[in-house]
Every structure is written in structure tokens, then in C-alpha cells.
Amino acid sequence: MAADDQETLYDRVGGLPFFTELVDWFYDGILEDEYLGPLYPADDLDGASERLALFLAQYWGGPPLYMEQRGHPRLRMRHAEFKITKRVRDAWITRMLAAVDEMQMEPEDRGELIAYLDMAARQLRNR
Ligand code: HEM
């Protein structure tokens, strides 16, 4: 296998700064979002941004910083307190796709990232 084949998506997109920027786009103006605004902590958006960025960075091959700070992700459990209907889930996906569109990345990586985010969001619908 060529060395390139072993590189993770995390490495290819440039590491943690990529995920921090992606998540910044996602959170930008989120409190004004009709469906998502009411769910997110107005007094801790920086903390929320960091949690999501570290989770995504870890998922795509970065250091396990999320795990060190938050423990096992257990995303379904952590989202159980939020009523995630189809509308809410669609709002999340739409906002996340718009954030991905702001980022420079190879089409193949973009496809992989989007497919994962879409799949994960579908799994978190709980209403
Ligand atoms: C389906 C629509 C979704 C909604 C409405 C939603 C909503 C939320 C909300 C309101 C929070 C709390 C913010 C905070 O204080 O950290 C949160 C946390 C989080 N979400 Fe989501 N989320 C969704 C999908 C996803 C997906 C697809 C992922 C992963 C790919 C994800 C990963 C996370 C992570 C890692 C946290 C922080 C958990 C923690 O450590 O406490 N979410 N989400």
C-alpha cells in the first residue's frame, strides 16, 4: 500500500483547524434558526462548537481529544434530551451541508464526509 493510502481524512484536510472552521460555519447564526436555535445552549456555544469539532476530528482519524474530555461519545444517548423530529434533523443536515460547502476539500473527501454526516443525522432522529 502506498503511504498515501494510509493517510486519514483528518490529515488530508489539514487536521483540527479544518474541523474547527467547519463547525464555526455550522454554528454561525444557529440561535436564529427556527428549528435548531431553541435546542442549543445560548450561554455555551463555544463549548458546544468545541465538543462537535473535537468529536469530528477524532472520528476522522485525529487524536482522541473528544474521548479525553467527554468520554465515550454515545451520541444517541447524548441526544435523547432533544426532540429530533424529521424537520429538526433536516434543518441540521441543511445547515451542515452549507458549512461543508464553505470548505475547500477534495471531491472524494467531501463525498465521504457528507455521506457520514447524513447517515449519522438520520440515526439520531428520535421522534
Ligand atoms: C440530527 C440532528 C442533530 C441535532 C438536532 C443535534 C443537536 C445537538 C445539540 C442541541 C447538542 C448540544 C450542544 C452542546 O452543548 O454540545 C448536540 C451535541 C452534540 N452533537 Fe448533535 N445534533 C444532531 C446531529 C448530530 C450528528 C449527526 C453528530 C455527529 C456526527 C452530532 C454530534 C454531536 C456531539 C459530538 C455533541 C456533543 C456531545 C457532548 O459531548 O455532550 N450531532 N447536538
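A residue counts as near a molecule if its C-beta atom, placed from the backbone, lies within 6 Å of that molecule. With that cut-off in hand, let us walk through this predicted model, starting at the ligand and working outwards.

## Around the ligand

The shell around the ligand holds 22 residues, and those that come nearest are Ala48, Arg51, Phe55, Trp92 and Ala120. Four elements give two or more residues to this shell: H4, helix H6 (75–79), H7 and helix H8 (107–124). Sorted by class, the shell has 16 nonpolar residues, 1 polar residue and 5 charged residues.

## The chain as a whole

The protein chain is built with 8 helices and 0 strands, so its radius of gyration of 15 Å can be set beside the 14 Å that the globule rule gives for 127 residues: the two are close, and the chain is as compact as a globular protein of that length. Along its principal axes, the C-alpha trace spans about 45 × 30 × 25 Å.

Burial and contacts fill in the picture. Of the 127 residues, 17% count as buried. If you take the contacts between residues at least 6 apart in sequence, 71% of them join residues at least 24 apart.

## Helix H3 and its buried side

Helix H3 covers residues 16–27. Its buried residues are Phe18, Phe19, Leu22, Val23 and Phe26. They lie on the same side of H3, because they cover an arc of only 125° around the axis. It helps to recall that an α-helix has 3.6 residues a turn, so residues three or four places apart point the same way. The partners that the buried residues of H3 pack against are helix H4 (45–59) and helix H7 (86–101).

Leu22 is a handy residue to look at in this helix. It counts as buried because 24 C-beta neighbours lie inside 10 Å, where the cut-off for a buried residue is 20 or more. Leaving aside neighbours within four places in sequence, Leu22 is in contact with Ala99, Val100 and Met103. Pro38 is 16 residues from Leu22 along the chain, and their C-alpha atoms are separated by 21 Å.

H3 is followed by Gly29, which has a positive phi, near 80°.

## Helix H4

H4 is one of the elements that give two or more residues to the ligand shell. Ser49, Ala53, Leu54, Phe55, Leu56, Ala57 and Gln58 are buried in this helix. Phe55 is also among the residues that come nearest to the ligand. The cover over the buried residues of H4 includes helix H2 (9–12), H3 and helix H5 (65–70). Just after H4 comes Gly61, with a positive phi of about 110°.

H3 and H4 can be set side by side by their spans:

| Helix | Number of residues | First C-alpha to last | Expected at 1.5 Å a residue |
|---|---|---|---|
| H3 | 12 residues | 16 Å | 16 Å |
| H4 | 15 residues | 21 Å | 21 Å |

## Residues in the loops

What sits between the helices? Here are a few residues to find on the structure.

Gly37 lies in the loop between H3 and H4. It is partly exposed, with 13 other C-beta atoms within 10 Å. Beyond its neighbours within four places in sequence, Gly37 is in contact with Ile30, Leu31 and Glu32. From Gly37 to Tyr10 the C-alpha separation is 29 Å, with their positions 27 residues apart in sequence.

Pro63 belongs to the loop between H4 and H5. This proline is partly exposed too, as 13 other C-beta atoms lie within 10 Å. Pro63 and Tyr10 are 53 residues apart in sequence, yet 9.5 Å apart in space, C-alpha to C-alpha.

Is Arg74, in the loop between H5 and H6, buried or exposed? Arg74 counts as exposed, with 10 C-beta neighbours inside 10 Å. Its backbone deserves a look as well: phi is near 40°, a positive value in a residue other than glycine.

Phe82 is placed in the loop between H6 and H7. With 15 C-beta neighbours inside 10 Å, Phe82 counts as partly exposed. Phe82 and Val100 are 18 residues apart in sequence and 24 Å apart in space, C-alpha to C-alpha. Val100 has appeared already, as one of the contacts of Leu22.

Definitions and conventions: Residues numbered from 1 in each chain as written. Predicted model: local features only at pLDDT ≥ 70, side-chain atom pairs only at ≥ 80, totals over all residues. Rg over C-alpha atoms; globule rule 2.2 N^0.38 Å. Buried ≥ 20, exposed ≤ 12 C-beta atoms within 10 Å, placed from the backbone. Contact = placed C-beta atoms within 7 Å. Expected span 1.5 Å × (residues − 1). Arc of directions from axis to C-beta. Nonpolar A, V, L, I, M, F, W, Y, C, P; charged D, E, K, R; others polar.
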